[in-house]
Amino acid sequence: SAGLGVKLPWKVLLTAGYRFVHRDFRHDSLFATGGDIGTQRRDRINQVEVELARPITDHLEVSLLAWVADHDSNVAAFDYDRVIGGSYLTYRF
């Protein structure tokens with residue numbers, strides 16, 4: 001994992017993070033991979049998250065978030081990509 005936070009002009013905070021996970025599973029998969037049931041599953045996961053946030057008041061903040069995950073697996077059922085983005089209004093008390 002790695003991450004950073006940078007203060008930009010106009011009180012904007014940029015945070016970014018990266019995470020890599022490598023998983024070898026001990027038991028064989030029950031899902032067929034290329035016609036072969038019983039392959040030992042292996043996953044490699046890359047995740048990136050970027051957020052821009054700016055306070056509006058002492059308790060209220062607006063932010064934009066982008067999160068991307070690349071799941072690379074030798075078992076097709078677990079081999080997928082995910083992209084999530086959104087804008088958020090956060091109240092802290």
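This passage walks through the strands, the surface patch and the salt bridges of the structure shown above. The model is a predicted one, and the description below starts with the sheet as a whole before turning to single residues.

The sheet is a good place to begin. Five strands make up an open sheet, arranged in the order E1-E2-E3-E4-E5, with antiparallel pairing. At its two edges lie strand E1, residues 2–8, and strand E5, residues 80–91, each of which has a pairing partner on one side only. From one strand to the next, the twist averages 15 degrees.

A reader following the chain meets the edge strand E1 and its partner E2. E1 pairs with strand E2 (residues 12–28) in the antiparallel sense, and seven bridges hold this pairing. Within the pair, Lys 7 is placed opposite Leu 13 of E2. The two strands form a hairpin, with three residues between them. In that turn sits Trp 10, whose phi is positive, at about 65 degrees. Strand E1 has seven residues, and the number of them that are buried is zero, so this strand lies largely in the open.

Further along the sheet, strand E3 (residues 40–55) and strand E4 (residues 60–73) run antiparallel and are joined by 13 bridges. Asp 43 faces Ser 73 of E4 in this arrangement. Asp 43 will return below, as a partner in a salt bridge.

The surface has a feature of its own. Tyr 18, Phe 20, Val 48, Val 50, Val 68 and Val 83 together make a nonpolar surface patch of about 500 Å². Strands E2 and E3 each contribute at least two residues to this patch. Val 68, one of the patch residues, belongs to strand E4. Its relative accessibility is 39%, and Val 68 therefore counts as partly exposed, the range for that class lying between 20% and 50%.

Arg 26 offers a second point of reference on the sheet. This residue is found in strand E2, and Arg 26 is exposed because its relative accessible area is 75%, where the cut-off for that class is over 50%. Along the chain, Arg 26 and Val 68 are 42 residues apart, and their C-alpha atoms are separated by 27 Å.

Charged side chains complete the picture. Side chains of opposite charge can pair when their charged atoms come close. How many salt bridges does the structure hold? There are two. One joins Asp 43 to Arg 41, with 2.5 Å between the closest N and O atoms. Asp 43, at 5% relative accessibility, counts as buried, and Arg 41 is also buried, with a relative accessible area of 15%. Both assignments rest on the cut-off of under 20% for a buried residue.

The other salt bridge brings together the side chains of Arg 92 and Glu 61, at 3.4 Å from N to O. Arg 92 lies in the segment after E5, while Glu 61 is in strand E4, so the pair ties together parts that are 31 residues apart in sequence. Buried or partly exposed: which word fits Arg 92? Arg 92 has a relative accessibility of 48% and so counts as partly exposed. Glu 61, by contrast, counts as buried, at 16% relative accessibility.

How values were computed:
Residues are numbered from 1 along each chain as its sequence is written. This is a predicted model: local features need pLDDT of at least 70, side-chain atom pairs count only at pLDDT 80 or more; totals for chains, interfaces and linings use all residues. Side-chain values use heavy atoms; hydrogens and water are left out. Two strands pair if DSSP finds at least two bridges between them. Helices (H or I, at least four residues) and strands (E, at least two) are DSSP runs, numbered from the N terminus. Axes are lines fitted to C-alpha atoms, for helices over the stretch in contact, and angles run from 0 to 180 degrees between N-to-C directions. Buried means under 20% relative accessible area, exposed over 50%, partly exposed in between (1.4 Å probe, protein chains only). Patches are made of residues with over 30% relative accessible area and no salt bridge: like charges are joined within 9 Å, nonpolar side chains (Val, Leu, Ile, Met, Phe, Trp, Tyr) within 5 Å. Accessible areas come from the Shrake-Rupley method with a 1.4 Å probe; for residues, only the protein chains shown count as cover. A salt bridge is a side-chain nitrogen of Lys or Arg within 4 Å of a carboxyl oxygen of Asp or Glu.
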